[in-house]
Amino acid sequence: MEFFDSEENWSLSEVKVGRSWKKEELRIKSNEDLHKLWYVLLKEKNMLLTMEHEYKECYEAFPSPERIDKVKESMVNLEDIIRERNKAYWLLETGQTGERPGKPVYNQLGLRTFYKMREHILPKDMNRSWWKKHKQWYNFRECDRFLSLYREKLFLEKRKARNRDKNHVLGLLKRFPDMDISILKEQYPHLNIDRLKLNRKADPHFIPS
C-alpha cells in the first residue's frame, strides 16, 4: 500500500505540500542523509505516479499534480550535489574530474551535439550498431537546406523575442517616464535603453503648452 497515497487525501481536490529541496539545504547534509533522502524521494515519486495513473483510469482530476514536479526537481538537485562532491573528491585525489569524457560531434542531421564517450566491446570500425547510430547517412545537399531553414527559424524566434522586449520597454517608458533607467538596463542588457528613450513611441502623454 506504500504505492498509494493515504486515504485521507483520496477525496480531496487539493493536497497542501511544501516546496522542493534547494541545493543550499542539500549541501549541508551528509552522504548518508542524502542516500536516505534519495530513497524517500524515489518512493514518493513512485507513489505519485501510481496515483496519477489511477486517477486517469477513473477519469478524475489528480489533486495537486505539481507534487510530481517538486519531487523531480528535488531529485535533480540531489544528483547535482552528489556530482559536485564526486568531482571535488576526484580533483583532490587524481587531479581529474572523474566525469565521463566527451567531445562535440555532428549528428545525422548535421547539428553539433556533445557526445559522452563510453566503452564498447568491439572496435569502432567493426561495431555495426555504433555506425548505424553515428554515421552520417544523410544527403549533404538536403542537410545544407535543412540547416539553412533551421538557422533562419532560430533567427526569427530570436528577433521576435527581441522585438517583444523592445515594445515592452517602450510601453514602460511611456507609462512611467520617471522610472529608474538603471533597473531597465540591468533587466534588459541586450537593449539600448538610452536610444529607446529617444524613440517617439516612448514619449509620455502630455498636453503641449
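This section describes a strand hairpin, the salt bridges and a charged surface patch in a predicted model.

Strands E1 (residues 102-106) and E2 (residues 112-116) are antiparallel and are joined by 5 bridges. Within this pairing, Lys103 has Tyr115 of E2 as its bridge partner. The two strands form a hairpin in which 5 residues lie between E1 and E2. The turn includes Gly110, whose phi is positive, at about 85°. In a regular strand, side chains point alternately to one face of the sheet and to the other.

Salt bridges number 8 in the structure. One of them links the side chains of Arg19 and Glu25, with an N to O distance of 2.4 Å. The two partners fall into separate accessibility classes. Arg19 is classed as exposed because its relative accessibility is 52%, where the class requires a value over 50%. Glu25, by contrast, has a relative accessibility of 26% and therefore counts as partly exposed.

Another salt bridge connects the side chains of Asp80 and Arg83, with an N to O distance of 3.4 Å. Both residues belong to helix H3, and because they are 3 residues apart, about one helical turn separates them. Arg83 has a relative accessible area of 36% and is therefore partly exposed. Side chains of opposite charge can pair when their charged atoms come close.

The side chains of Lys185 and Asp194 also meet in a salt bridge, at 3.2 Å from N to O. Lys185 is partly exposed, since its relative accessible area is 40%. Asp194 is likewise partly exposed, at 44% relative accessibility. Beyond individual pairs, Lys23, Asp80, Arg83 and Glu99 are joined into one network by salt bridges that share partners. The pair formed by Asp80 and Arg83 thus has both of its residues in this network.

Negative charge also gathers on the surface, in a patch made up of Glu14, Glu66, Asp69 and Glu73. Of these residues, Glu73 is located in helix H3, which spans residues 66-93. Glu73 is classed as partly exposed because its relative accessibility is 43%. This value satisfies the patch criterion of over 30% relative accessible area, which applies to residues with no salt bridge. Helix H3 therefore carries Glu73 of the negative patch as well as the salt-bridged residues Asp80 and Arg83.

Notes. Residues numbered from 1 in each chain as written. Predicted model: local features only at pLDDT ≥ 70, side-chain atom pairs only at ≥ 80, totals over all residues. Heavy atoms only, no water. Pairing = 2+ DSSP bridges. Helix = DSSP H or I, 4+ residues; strand = E, 2+ residues; numbered from the N terminus. Patch = residues over 30% accessible without salt bridge, like charges linked within 9 Å, V, L, I, M, F, W, Y side chains within 5 Å. Areas by Shrake-Rupley, 256 points an atom, 1.4 Å probe, with all protein chains shown as cover. Salt bridge = Lys/Arg side-chain N within 4 Å of Asp/Glu carboxyl O. Lys, Arg positive; Asp, Glu negative; His and termini not counted. Charge placed at Lys NZ, Arg CZ, Asp CG, Glu CD. Buried < 20%, exposed > 50% of the residue type's maximum accessible area, 1.4 Å probe, protein only.
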